[in-house]
Amino acid sequence: VRTIDWVDGGVEIIDQTALPARTVTRRLSTVNELVAAIQTLAVRGAPALGVAGALGVALAARQYREEALAGAVLRLETARPTAVNLARGVQRAAARLAAGPDAVLAEALAVRDEEIASSAAMAARGADLVTELCGPAPRLLTHCNTGGLATVVGGTALGVVAELHRRGALRGVVVSETRPLLQGARLTAWELGQLGIGYQLAVDGAGPFLMAQGMVDAVILGADRICANGDVINKVGTYAHALGAQRAGIPFLVVAPESTVDSATPSGADVKIEDRSPSEVLSFAGTLVAPAGAGAINPAFDITPHDLVTAIVTDRRTLRPDPAFSGKM
Ligand code: MRU
């Protein structure tokens with residue numbers, strides 16, 4: 001099942017806000033509906049956002065003309081700021097606007113198909129690397145959600161986990177719950193269940209301790225943007241896992257398609273990190289979990305410096321950053 005696709009002249013998504021309780025398919029017929037779906041994380045994950053952005057321009061090309069069209073493209077491009085795939089997908093499809101709606105849709109479908117192919121390539125390359133670094137029966141820790149829900153089908157880091165499972169070369173997976181929106185607990189756990197892969201859920205803060213205890217052999221996760229110097233922007237909590245992995249002396253592996261590599265941005269310091277509503281931190285499942293009037297800060301992503309990264313696996317390359325890595329992406 002594809003998490004996002006173009007069906008009968010509109011965009012269809014699996015609504016990720018309804019998981020794991022219900023698997024709901026939603027049809028989005030207007031740009032405004034798609035922008036709202038992006039902002040509420042009904043569709044999310046860097047590669048899926050790239051596809052959403054491109055398909056959104058295909059919707060816009062059918063819905064608007066001239067200034068209104070330019071405004072719709074801008075709303076899509078800026079719906080969320082951090083994953084480079086979104087703006088990139090929008091720009092790719094928008095570059096075909098002069099050739100008409102069908103040309104825009106063809107470009108958007110090409111973005112979708114490239115992400116599907118990238119997932120397959122990363123799974124194979126990443127599984128080979130994990131086996132090389134960790135041996136035939138590794139216990140992995142992953143953070144956030146990087147499966148088919150975050151791409152179109154397959155996934156990035158979770159695609160590697162699935163491939164290792166298929167090869168009989170996986171001993172266990174720890175899933176970091178990923179506060180505040182629980183992409184690990186709600187989505188990754190659900191996807192692993194669908195795949196028949198056993199896992200243990202852990203609170204985010206347990207990761208570095210489990211690594212120090214020798215209960216995890218490598219950390220494997222995705223990225224929303226990889227900068228020219230190899231700095232990795234990913235779901236908040238990634239940096240703490242990277243520090244834990246370095247201290248424990250275990251590999252810290254990032255799996256992301258080339259569409260997430262942003263060689264025009266020199267380093268993590270140059271990336272806009274999305275600030276989300278304090279209400280996501282102050283409430284849990286609709287119930288306030290802090291004193292009334294409490295303040296909160298809610299960065300959705302963090303920056304992991306490249307020197308903490310053992311390897312970056314893309315659909316085309318396996319890079320092993322070292323201290324002289326700067327500017328190599
Ligand atoms: O806020 P989200 O859920 O869109 O954040 C997603 C992540 O941080 C993922 O780890 C990243 O996009 C990699 S997805 C293959």
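In the residue classes applied here, Ala, Val, Leu, Ile, Met, Phe, Trp, Tyr, Cys and Pro count as nonpolar, Asp, Glu, Lys and Arg as charged, and the others, Gly among them, as polar. With these classes in hand, the enclosed spaces of this predicted model can be introduced.

A search of the whole structure turned up 2 cavities of 30 Å³ or more. The largest cavity has a volume of about 180 Å³. Its lining is made up of 23 residues, and those closest to the centre are Arg44, Gly45, Ala46, Asn145 and Asp224. By class, the lining of the largest cavity holds 10 nonpolar, 9 polar and 4 charged residues. Helix 2 (46–63) and strand 9 (232–235) each contribute at least two residues to this lining, and helix 2 provides the largest share, with 3 residues.

The second largest cavity encloses about 50 Å³ of space. Among the residues that line this cavity are Leu41, Arg179, Pro180, Lys235 and Glu280. Its lining comprises 4 nonpolar, 2 polar and 4 charged residues. Leu41 also deserves a look for its backbone: this leucine, just after helix 1, takes a positive phi of about 70 degrees.

Helix 1 itself spans residues 31–39, and its buried residues are Val31, Leu34, Val35, Ala37 and Ile38. These residues lie on the same side of helix 1 because they cover an arc of only 160 degrees around the axis. The elements that cover the buried residues of helix 1 include strand 2 (10–14), strand 3 (25–28), helix 2, helix 3 (66–77) and helix 4 (84–94). Helix 2 thus appears in this cover as well as in the lining of the largest cavity.

Notes. Residues are numbered from 1 along each chain as its sequence is written. This is a predicted model: local features need pLDDT of at least 70, side-chain atom pairs count only at pLDDT 80 or more; totals for chains, interfaces and linings use all residues. Side-chain values use heavy atoms; hydrogens and water are left out. On a 1 Å grid over the protein atoms alone, a cavity is a set of points where a 1.4 Å probe fits but cannot get out, and a pocket is an open set with protein on both sides within 12 Å along at least five of seven lines; lining residues have an atom within 4 Å of a point. Grid points are joined across faces, edges and corners, and a volume is the space filled by probe spheres set on the points. Helices (H or I, at least four residues) and strands (E, at least two) are DSSP runs, numbered from the N terminus. Buried means under 20% relative accessible area, exposed over 50%, partly exposed in between (1.4 Å probe, protein chains only). The arc is that of the directions from the helix axis to the C-beta atoms. Contact means heavy atoms within 4.5 Å.
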